Amino acid sequence: MSGWEAAKARMYDVFGHVPRPERVAGCPHCVEPGEERCLLSWPVASVEAESLARYAAKALTTWGGVTEFRYFLPRLLECATADAFSYPDPEIVLGKLASADWRAWPEEERNAVSDFLREWWGQTLRHHPARPSIDTVLCALAATGMDLTSCLDAWSGLDTDASIRHLHDFVMTGWSGRRLTNAFWNRDSPAHEQALTWLTGGPAAAAVEAAFARESREDLLELLTAIHTVITPRSPG
């Protein structure tokens, strides 16, 4: 079993102690009576993404509280990280972890969530193209309130074709006018500052230069050159 598969399995194991709710109360203007039946009639791992999507969009705001959210969490994260919802976006779903104050949960639960998020990032970096995109994944991780240091450090290795191609995708589609373009970024958050500093403050450029020095394949050298041109400010004059 890969680290990614093990992290998913551990989520189901750790949160398996959360009892199945008898019902999931919601705002009467937003949720029909009995609408939760399609969510509670099956083991949580078997709930269809299409059925769960509506709850995922409304969880913690107009449908259910933290206890219900913790019950559905393994399946919510499994679906969101697989981009299985047409809506809500992964950034919205993972942002609900911050709303649920997950970093104040019991240690075993915090560790299971942290391991899952780190493995998702590693899985994304190892495969290109990826769905969701690298831009979505990084922004979604930031939405949880987690520290992005370990993620950005891992990316700085640029030790695989995939990691280089992801960085090229990121600077070409998720970066414009020296700003991150994903609308879900909280621009006042520490994570946003971390990502900006990594991209513009030198670490990303140094990683690109180191990768360029050891790379010999023309296609990757072209990508590295394009990345460096975008993230390195031009000298005046």
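Here are some short exercises on this predicted model, each with a worked solution.

Residues are numbered from 1 along each chain as its sequence is written. Local features need pLDDT of at least 70 and side-chain atom pairs count only at pLDDT 80 or more, while totals for chains, interfaces and linings use all residues, and side-chain values use heavy atoms, with hydrogens and water left out.

**Exercise 1. Describe how helix 9 and helix 12 come together, and which residues make the contact.**

Step 1: Start with the general recipe. Two packed helices are described by the angle between their axes and the distance between the axes.

Step 2: Find the helices, which are DSSP runs (H or I, at least four residues) numbered from the N terminus. Helix 9 covers residues 161-173 and helix 12 covers residues 218-231.

Step 3: Read off the geometry. The two axes come within 9 Å and cross at roughly 35°; axes are lines fitted to C-alpha atoms over the stretch in contact, with angles from 0 to 180 degrees between N-to-C directions. The crossing is left-handed, that is, the near helix is turned anticlockwise from the far one by less than a right angle.

Step 4: List the contact residues (heavy atoms within 4.5 Å). Helix 9 contributes residues including Ile-164, Leu-167, His-168 and Val-171, and helix 12 residues including Leu-220, Leu-223, Ile-227 and Val-230.

Step 5: Sort them by class. The contact has eleven nonpolar, one polar and three charged residues. Here Ala, Val, Leu, Ile, Met, Phe, Trp, Tyr, Cys and Pro count as nonpolar, Asp, Glu, Lys and Arg as charged, and the others, Gly among them, as polar.

**Exercise 2. Follow the salt bridges of Arg-131 and Asp-115, and say where the partners lie.**

Step 1: Set the rule: a side-chain nitrogen of Lys or Arg within 4 Å of a carboxyl oxygen of Asp or Glu. A search of the whole structure finds ten such salt bridges.

Step 2: Take Arg-131, whose partner is Asp-83, with the closest N and O atoms 3.0 Å apart. Arg-131 sits in the loop between helix 6 and helix 7, and Asp-83 in the loop between helix 4 and helix 5, so the pair ties together parts that are 48 residues apart in sequence.

Step 3: Check exposure (buried under 20% relative accessible area, exposed over 50%, partly exposed in between; 1.4 Å probe, protein chains only). Arg-131 is exposed, at 64%.

Step 4: Turn to Asp-115, which pairs with Arg-118 at 2.5 Å between the closest N and O atoms. These two are three residues apart in helix 6, separated by about one helical turn. Asp-115 is partly exposed at 27%, and Arg-118 is partly exposed at 42%.

Step 5: Widen the view: Arg-10 joins Asp-115 and Arg-118 in a network of salt bridges.

**Exercise 3. Classify the aromatic pairs of Tyr-55 with Phe-72 and Trp-155 with Trp-198.**

Step 1: Apply the cut-offs. Rings of Phe, Tyr and Trp (its six-membered ring) pair if their centres lie within 6.5 Å; planes under 30 degrees apart are stacked, over 60 edge-to-face, and the rest tilted. The structure holds eight pairs.

Step 2: Tyr-55 and Phe-72 are 4.9 Å centre to centre with 50° between the planes, which makes them tilted. Tyr-55 is in helix 3 and Phe-72 in helix 4, 17 residues apart. Tyr-55 is buried at 0%, and Phe-72 is buried at 0%.

Step 3: Trp-155 and Trp-198 are stacked, at 5.1 Å and 20°. They link helix 8 and helix 10 across 43 residues, and both are buried.

Step 4: Finish with the cluster, formed by Tyr-55, Trp-63, Tyr-71 and Phe-72.
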